[in-house]
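Could you walk me through this structure, starting with the overall picture and then stopping at a few spots worth a look?

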Amino acid sequence: MTGGYDERCAADLAAVCDGRDLSREDRAWLARVVTGAVRPNRDKPLWDLAHALAALARATSAVSGRDLVTLALDPGLVTASAVTARFSGSIAADTRGPVLGEAWGTSWAGLARLLALAEFVLTAEDLAQFSAITGWLDELAAEPDAEGAIFLAKRLARHLTAYRNAHLPLAPLERRFRAILGFLAGRKTFSDDDILGFWRSEMEAGERPGFRTVAEHFVTFEAGAHLVGGLEGLSAPVSLDAHAGWEERLDAALGDLAASEPAETLAALLADWPEGPKILTGAEREDLTDLLRLEPFHRTRPLTTLRAASFGRVQSGIANRLRRGGGGAEVAERATCTDAESYAALQERAGTLAAHLGRMLRIAATLRIAERDGLGPETRAALEAAEADLRRVRRAGFEDRAVLAAGFAAAETALLRLSEEAGRLERALAGLARQRPLDAAFAADQSVFAAAFAAAYTGEAAA
């Protein structure tokens, strides 16, 4: 995943951006158009492109779509100066730039960007749609009038919508984000209880989403809200114009996303954890995944992390039982949440995992530092304690010190990150416990989740 789109889309963007040597600003613009991050109308660049191609067809006497394809793929038309030199005498223009038709216009730099967009549309997915789009351009070249441009714009909009649905994993979630915005009523921040409240409203509406899934939506929603500078800008796209410098900030952020891969998530890191040596058992990996899957909520919203780990697991168990055709007494019993793990128990388990990861880090250090001369007494004592820990460990792969050292060296970066995040979770849970006694919080949540599960699942289980 790169910036909200998959590897295929990232490759398509890179092919155009690198092939045309686009500037950072132009890369950001193209990423915004492809991902639909254009306000207030995400399809306006496609309408501009269609009118631009119609104007070029008239100006260059293009007789087929192939002629327009040649213009779109011409590497000599990358910059505004090159476009100006090529078309300034043949396309109607005003002081700003080309006039593409009634109420349609752009700058010379804008026309260069539109040609980059045309190249993306033509070449995406290894030219999979090249023949179809060239056919559309044939029709435009035959009748390059306003009606032809509008018809092409609609085709391109449908085409890019299908592309987004195929290659932007977040596109299907837009309806969910709009529901979240409606629930928050324009507020710029939300709390753990807002997440719970939204989930309850969805359950009452018959949607039955998983609590962990809803929490994951809020993780992504919060990141998107920060990208544009607040929920107000998302809930009312037209109001973005009132935010000074919003377009430049968004361009810069999307330019960074288009240029680099984000850091690997903790969940992905745990999923790819090597089997040996047994630094983490399968059970420890599952526990860490449960507690860290909502990154960064494990350090910023620990109560939601506890709710997802405890009651999210109960809900998953109920859903799995129903999918297998079970029900009846077992589902009714699970819906009472009597088997939900208490928050105090989860806090204890998080502390145990943090302590284990810290111990593994100390073992990694003692395997790396062979020469102890010149070390301070505290460092030497810590290494000796780690040596003692190493002698006590009875896990697969810990028998041969040379093999063990190589295994720890390969996992060292991931181990360090996991240890840091487990420590942050432990501290966040301790802070939560000081503000809100965990036993009381668990009892209150148990009654809320049990009521929601009973209303949603017991009727189906009894059928």
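A residue counts as buried here when its relative accessible area is under 20%. By that yardstick, buried residues make up 46% of the 463 residues in this protein. Keep in mind as you look around that the model is predicted. In terms of secondary structure, you'll find 22 helices and 2 strands. Now think about who touches whom: among contacts with a separation of 6 or more, 72% are between residues 24 or more positions apart.

Let's begin close to the start of the chain, in helix α1, which covers residues 7-19. Cys-9 belongs to that helix, and because its relative accessibility is 0%, Cys-9 counts as buried. What does Cys-9 touch, once residues up to four places away in sequence are set aside? The list is Val-34, Tyr-163, His-167 and Leu-168. Take His-167 from that list: it sits 158 residues along the chain from Cys-9, yet the two C-alpha atoms are separated by 6.1 Å.

Just past α1 comes a loop that leads to α2 (24-35), and Asp-21 is in it. A bit of background helps here: most residues other than glycine have a negative phi, and most peptide bonds are trans. Asp-21 goes the other way, with a positive phi near 55°. Is Asp-21 buried or exposed? It counts as exposed, because its relative accessibility is 63% and the cut-off for exposed is over 50%.

Cys-337 also has a positive phi, about 65°, without being a glycine. You'll find Cys-337 in the loop between α18 (328-335) and α19 (343-368). This one is tucked away: with 0% relative accessibility, Cys-337 counts as buried.

As for the peptide bonds, look at Glu-295 and Pro-296, which are joined by a cis bond with omega about 10°. Pro-296 is part of the loop between α15 (282-292) and α16 (297-300). While you're in that stretch of the chain, check Arg-301, which lies over the face of Phe-297 at 5.3 Å from the ring centre.

Now for a charged residue that is buried. Glu-119 is in helix α6, residues 108-127, and its relative accessible area is 13%, so it counts as buried. Apart from neighbours within four places in sequence, Glu-119 is in contact with Val-16, Arg-20, Ala-72 and Leu-73.

Ala-72 comes up again when we turn to empty space, since it is one of the residues lining the largest cavity. Rolling a probe the size of a water molecule over the atoms shows where empty space is left. Searching the whole structure this way gives 2 cavities of 30 Å³ or more, and the largest holds about 70 Å³ of space. Which elements give two or more residues to the lining of that largest cavity? They are α3 (44-60), α4 (65-72), α6 and α7 (130-142). Besides Ala-72, the lining includes Leu-49, Leu-53, Val-69, Ala-118 and Ile-133. The character of this lining is easy to sum up: 11 nonpolar residues, no polar ones and no charged ones.

Last stop: the aromatic rings. A pair of aromatic rings is described by the distance of the centres and the angle of the planes. The whole structure has 15 such pairs. In one of them, the rings of Phe-198 and Phe-218 have centres 5.7 Å apart and planes at 75°, so this pair is edge-to-face. It links distant parts of the chain, with Phe-198 in helix α10 (residues 192-204) and Phe-218 in helix α11 (residues 211-227), 20 residues apart. Both Phe-198 and Phe-218 are buried.

Compare that with Phe-311 and Phe-442, whose rings are stacked, at 5.5 Å centre to centre and with 15° between the planes. Phe-311 is in helix α17 (residues 302-323) and Phe-442 in helix α22 (residues 438-462), so this pair ties together parts that are 131 residues apart in sequence. Phe-311 is buried, with a relative accessible area of 0%, and Phe-442 counts as buried at 11%. Finally, which residues form one aromatic cluster? Phe-311 and Phe-442 are both in it, along with Trp-199, Phe-211, Tyr-343, Phe-449, Phe-453 and Tyr-457.

Terms used:
Residues are numbered from 1 along each chain as its sequence is written. This is a predicted model: local features need pLDDT of at least 70, side-chain atom pairs count only at pLDDT 80 or more; totals for chains, interfaces and linings use all residues. Side-chain values use heavy atoms; hydrogens and water are left out. Helices (H or I, at least four residues) and strands (E, at least two) are DSSP runs, numbered from the N terminus. Buried means under 20% relative accessible area, exposed over 50%, partly exposed in between (1.4 Å probe, protein chains only). Contact means heavy atoms within 4.5 Å. Rings of Phe, Tyr and Trp (its six-membered ring) pair if their centres lie within 6.5 Å; planes under 30 degrees apart count as stacked, over 60 as edge-to-face and the rest as tilted. A charge sits over a ring if NZ of Lys or CZ of Arg is within 6 Å of the ring centre and within 35 degrees of the ring normal. On a 1 Å grid over the protein atoms alone, a cavity is a set of points where a 1.4 Å probe fits but cannot get out, and a pocket is an open set with protein on both sides within 12 Å along at least five of seven lines; lining residues have an atom within 4 Å of a point. Grid points are joined across faces, edges and corners, and a volume is the space filled by probe spheres set on the points. Ala, Val, Leu, Ile, Met, Phe, Trp, Tyr, Cys and Pro count as nonpolar, Asp, Glu, Lys and Arg as charged, and the others, Gly among them, as polar.
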